[in-house]
Amino acid sequence: MTRDVRLSAGPTEVFLRIARDRRPLHLRLAEAIRGAITESRLPAGARLPATRTLAADLACSRWVVTEAYQVLLAEGVLTATVGSGTRVAATGNAAAPPRTPVRTEPRFDLRPGVPELTAFPRAAWLTAMGEALSGTPRGTLRSSDPAGSPQLRHLLAGYLARTRGVRVGPAELVVTSGVTHAVSLLSHVLANNGAKTVAIEDPGWPRLPAAVTEAGLATHPVPVDENGLRVRKLGDEAAVIVSPAHQFPQGVVLSRRRRDDIVAWARKTGALVIEDDYDAQYRFDNKPVGALQPEDPGRVCYVGSVSKTLSPAIRIGWLVAPATIAAAVTDRLLRDGSRPSTLEQLAFARLVESGAYDRHLRRTWTTYRRRRDTLVAEIARQLPGATVRGVAAGLHLVVEFARQLDEYAIAARALSRGLAVTPLVRYRRDTDGRSGFVLSYANVTERSMAEAVSLLASTLRTD
């Protein structure tokens, strides 16, 4: 049997488990403290309470604590210095903390999915968070609207109408934790309404079909070519997930004819079109592509997030849907509680309202355009015969090769040399396509791009 006691060691509180047996109490106390140190619950340098304080907590004589400390001082487990008190020794009998393997980051990271993290507007975000905290009524912090902060929904409705042409009122907009979260919510609503299958792009981002299947629905991969999703391959699916403005990973734009065809298909079959407005903020060729949603707001659900503009760590996204679907999604959010942080929503609302979000997009737009131009030029110079796919937009491009390659083996060799790239085959259901890699230019500077491509070229030569 044991007796549990809370020991305050400076700012740290530790539970001691003191054995209940016939041994003297000072020996049992010394054993409990020694155990806490050995198990790393009391870290090196931690200051132990004064003997008088601990004796009062234990309801024992001060002599018991003094003797326990003396035992541990003699063992070298504790140290005592005038003016500094009794502390856990930096060395001694304490067990070394478990070693965590050090993860080595690549010198050049060309993997897609993450914006330039050093460009995150820290000062603006801190200001927005401070304003949100100081200006938020106390009641707002007690509970939150399951559809999202009314202030953010109002601002987002205006922002999406202004920048993407989306037709939406605050009642048709739900704040989510990102695009995958929005697809998951819609998939559960579809499943509850008896849906069986959702069409997805092939190749495509793998987390979206995973969200569909987790809701109990089947997925139907539909091929993507140079004009986007092949709409004529659609059948009687309950919905299709499509990225018309900048498809991932192929980087193509859904053609005007296929935009018309997919809306006509949805109207004819009663299906939903789930529009993933991927990378739409970054278009470098002065050929803007508007959202699909305005062409039929009753059949197109629009989803987006800040993961590619700010950071994946800011878990804020949005879903624009017809009122009945938005209500069903809100009801699910109310029941399962999976909502983004209210404070982050309010901070992002301040970022949008102040214009800081627009300023951040303009700065990063210039950076990404220059980096893409540099990467394309280096591929042409160092990888003769390679083909760059995709329009000049977003944070990534695809480089393809005429010959078949073991993409995973090449990526592994490149990583061992300090270069991270992603095989195109990773995103394909149909593996008969041309070999290639998906390369992001978001986190490699213009100055470093030549060396990064040189590493890829030398790795390919050893294949």
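Contact here means heavy atoms within 4.5 Å. Keep that cut-off in mind for the views below, which come from a predicted model.

**View 1. Leu419 and what it touches.** Leaving aside residues up to four places away in sequence, Leu419 is in contact with Pro106, Phe108, Leu110, Ala411, Ala414, Ala452, Leu455 and Leu456. Leu419 also belongs to the largest nonpolar core, which has 60 residues. Together with Leu173, Phe348, Tyr357, Phe437 and Leu439, Leu419 is among the members that touch the most other members. Helix α14 (residues 446-461) hands this core its largest share, seven residues.

**View 2. A second core.** Separate from the core around Leu419 is another one, with 27 residues. Its members include Ile274, Val303, Leu319 and Ala321. As background, nonpolar side chains in soluble globular proteins tend to be buried together.

**View 3. Strand β11 on the inside.** Is β11 enclosed or open to the outside? All five of its five residues (272-276) are buried, so the strand is largely enclosed by the rest of the structure. Leu272, Ile274 and Asp276 point one way, while Val273 and Glu275 point the other way. So much for the residues; next come the neighbouring strands.

**View 4. Partners of β11.** Strand β10 (residues 239-242) pairs with β11 in the parallel sense, over four bridges, and Ala239 sits opposite Leu272. To get from β10 to β11 the chain passes through helix α9 (residues 256-269), giving a right-handed β-α-β crossover. Strand β12 (residues 300-305) is also parallel to β11 and joined to it by four bridges. On that side, Asp276 stands opposite Val303.

**View 5. The four-stranded open sheet.** Reading across, the strand order is β14-β15-β18-β17, and the pairing is antiparallel. Which strands stand at the edges? They are β14 (387-389) and β17 (422-423); each has a single partner strand, so one side of each is left without a neighbour in the sheet. For β17, two bridges make the link to the antiparallel strand β18 (residues 435-440), with Thr422 opposite Val438.

**View 6. Helices lying across that sheet.** Helix α12 (residues 356-382) lies across β14, β15 (396-401) and β18, and runs at about 10° to β15. Helix α13 (residues 407-416) lies across β17 and β18, at about 40° to β18. Two residues already named in View 1 can be picked out here: Tyr357 and Phe437, both in the largest nonpolar core.

Definitions and conventions. Residues numbered from 1 in each chain as written. Predicted model: local features only at pLDDT ≥ 70, side-chain atom pairs only at ≥ 80, totals over all residues. Heavy atoms only, no water. Buried < 20%, exposed > 50% of the residue type's maximum accessible area, 1.4 Å probe, protein only. Pairing = 2+ DSSP bridges. Right-handed = clockwise from strand over helix to strand, strands pointing away. Axes fitted to C-alpha atoms, helices over the stretch in contact; angles between N-to-C directions. Core = buried A, V, L, I, M, F, W, Y, C linked by side-chain atoms within 4.5 Å.
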